[in-house]
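Student: I would like a close look at a single part of this model, taken slowly and with the terms explained as they come up. Please choose one helix and connect it to whatever surrounds it.

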Amino acid sequence: MSAEAMLRPAPAVAILPSRGGIVGALSDLFWRKPGLLLFLMLAPPVLWLGIVYLGSLLALLLQSFFSIDEFSGLINRELTLKTYGELFLPANLDIIIRTVTMAAIVTIASAIIAFPIAYYAARYARGKWKALFYLGIMLPLWSSYLVKIYAWKLILAKEGILTWLFEKLHLMWLIDAWLSIPVVGGNSLSVSATGTFIVFVYVWLPFMVLPIQAALERVPGSLIEASSDLGASPAQTFRNVLFPLALPGVVAGSIFTFSLTLGDYIIPQIIGTSRLFIGQAVYAHQGTAGNIPLAAAFTVVPIVVMGFYLWGAKRMGAFDAL
Amino acid sequence: MRSDRQQSAPLALKIAAAAGLLFLHLPLLLIFVYAFTTEEKSYQWPPPGFTTQWFAVAWNRPDVWQALTLSVQVAAISTAIALVLGTLCAAAVSQTKFFGRETISLLVILPIALPGIITGIALRSAFNLAEIPFSFWTIILGHATFCVVVVYNNAVARFRRMSGSLIEASMDLGADGFQTFRHVILPNIGTALLAGGMLAFALSFDEVIVTTFTAGQQQTLPIWMLEELVRPRQRPVTNVVAMVVVLVTLLPILAAYYLTRDGDQIAGGGK
């Protein structure tokens, strides 16, 4: 008590007059008990996220252990693993494998396209160009998701610009040949798996560029020069110096591309075949079918896949590049 | 500053980077061309002619205006909630060390780290279980949840750059906690909050995946757009709305960039 009185500055010395009343008392209280302030600061966000978000998530997980009565269509609230068993039916397993494969290919393609952009932006772009590159990534990243899909619907349409371009170049046979390949092809690009793939890559690409750029910014230029001074060819420098250092960035970016592809149900619905992806399956089961337990069990798949993915990514130090 | 001389990039790298940027931007530019096309029934390229009549048609469509109004309202309220929650959380995480700090930051990031459909269906089934009717407020509940992270990220980055000694100096000079917040902390984090708020607004304004699950009969602009994509009614109107949406989202992003550009991304300024 007396020590505190001595520590408190005299009012005349203070530049801002110390306030009395309830505000001053509160301020003093927070100063004496920083734990209370911390608690008050954390309580609203933690309560919100804890109740609204985690609460709903747990409710969803719980429902995945329910099952649906095949005859009445009613939800049976006894805990069972039967619904999870249904995930392994060939039709459902197909959906899971298709989605995970698509997510993997999209991730690899995004990394390949993103790397040169990120590398140029991190190492060569300076001043005005740097800002231009940054905005060049940010604008497509934040542009409306549906507008981006719509743009590709325009491009991939049979009467659209891509067909027109290939006809002018007399390369239509190339598209026709590609579309006649069983799995990736289809009637036209806008109803083929290739179309779905292109749109996925387009929409998620900026999410890949930014973390790779962040990782590459931290690579000193002298390291690259040292490598070539020591006789490494550009390819060797890339493989042994640049790529390992950029890898955490690539992994960080892949978290986004992978996770976003796993859960998307709008892109394959608008541009793609009638074969379902996990997101579409979830949407269909919770909607008209009313099979919430199976829909819930389906959502556990991306959670589990992402859980392993994040665990692996953390071990590679990807979170520092976010 | 690096001491090494400025080298120019290899040609192949220049071409690859330029091609990548073109790939990102050309489709968006195409939207602008299609907004003026005279073609009604198909996505024909090249457009048979150009007209501005569709702007007037879109302007007089009440459903577009309703959707736009709802989207703006939802985005504004969600952003306000996210600003409060995100700032509080960022302040707690960056200014103090406590048990479970990592868990808190994970909790904040989780709503966007997990696919949106999970957030959506989780909220929908929770509303069903709790027998909450779908309304304007259920949309906001969902939007605010994932907007928190955008504000949080911006605020945390700024708090980290802000020297702790500033706060100590303010206290030493006799300011109480509230005065320090008002005169020292707030001016320092103000632009970061503004930027975070704008990005949160853009995020909410554009959100469709979670919204389809948490909206009842209401149509936000993205939901209106999705309806038009799945079942096209009047394609030229969709073209015009798409163009306007691109322009409208452009502004907050440019503004957010100018507010945070100093120092948040300095070349080689990482570890």
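Tutor: What follows is a close look at helix H3 of chain A and then at its surroundings.

This is a predicted model, in which local features are given only at a pLDDT of at least 70 and side-chain atom pairs only at pLDDT 80 or more, while totals for chains, interfaces and linings use all residues. Residues are numbered from 1 along each chain as its sequence is written, and chains are lettered from A and ligands numbered from 1 in the order in which they are written. The pLDDT is the predictor's confidence in each residue, on a scale from 0 to 100. Chain A has a mean pLDDT of 84, with 92% of its residues at 70 or more. Within chain A, confidence is lowest in helix H1 (residues 2–7), with a mean of 50, and highest in helix H5 (residues 90–124), at 92.

Helices here are DSSP runs of H or I with at least four residues, strands are runs of E with at least two, and both are numbered from the N terminus. The expected span of a helix is 1.5 Å times one less than its number of residues. For the 30 residues of H3(A) this gives 44 Å, and the end C-alpha atoms are 41 Å apart, which agrees. The helix nevertheless bends by about 35 degrees at Ala43(A), and a proline, Pro44(A), follows within four residues; the bend at a residue is the angle between axes fitted to the seven residues ending there and the seven starting there.

A residue is called buried if 20 or more other C-beta atoms lie within 10 Å of its own, exposed if 12 or fewer do, and partly exposed in between, with C-beta atoms placed from the backbone. In H3(A) the buried residues are Leu37(A), Met41(A), Leu42(A), Pro45(A), Val46(A), Leu49(A), Tyr53(A), Ser56(A), Leu57(A), Leu60(A) and Gln63(A). An α-helix has 3.6 residues a turn, so residues three or four places apart point the same way. Leu36(A) also lies in helix H3 of chain A, but Leu36(A) counts as exposed because it has 12 C-beta neighbours inside 10 Å. Leaving aside residues up to four places away in sequence, Leu36(A) touches Leu29(A) and Phe30(A), where a contact requires C-beta atoms, placed from the backbone, to lie within 7 Å.

The buried residues of H3(A) pack against helices of both chains: helix H2 (21–32) and helix H15 (292–315) of chain A, together with helix H3 (62–95), helix H4 (101–113), helix H5 (116–130) and helix H6 (136–161) of chain B. The partner H15(A) has 24 residues and reaches 35 Å from its first C-alpha to its last, close to the 34 Å expected at 1.5 Å a residue. Among the buried residues of H15(A) are Ile292(A), Leu294(A), Phe298(A), Val301(A), Pro302(A) and Met306(A).

Seen across the whole interface, 85 residues of chain A are in contact with 76 residues of chain B. Helix H3 (residues 34–63) of chain A gives the most to the side of chain A that touches chain B, with 17 residues. That side of chain A has 61 nonpolar, 17 polar and 7 charged residues, where Ala, Val, Leu, Ile, Met, Phe, Trp, Tyr, Cys and Pro count as nonpolar, Asp, Glu, Lys and Arg as charged, and the others, Gly among them, as polar.

On the other side of this interface, chain B has 11 helices and 0 strands, and its C-alpha trace spans about 70 × 65 × 30 Å along its principal axes. Of the 271 residues of chain B, 46% count as buried. Glu131(B), found in the loop between H5 and H6 of chain B, has a positive phi of about 55 degrees although it is not a glycine. Glu131(B) counts as exposed, because it has 6 C-beta neighbours inside 10 Å.

The UniProt record, an unreviewed entry, lists "transmembrane region" in chain A at several stretches, including residues 36–62. For chain B the unreviewed UniProt entry gives the same feature name, "transmembrane region", to stretches including residues 104–122 and 134–152. Such annotations may be inferred rather than shown by experiment, and their positions are given in the numbering used here, with feature names shortened. In the model, residues 134–152 of chain B are 89% helix and 0% strand, with end C-alpha atoms 28 Å apart.

Methods. Two residues are in contact if their C-beta atoms, placed from the backbone, lie within 7 Å.
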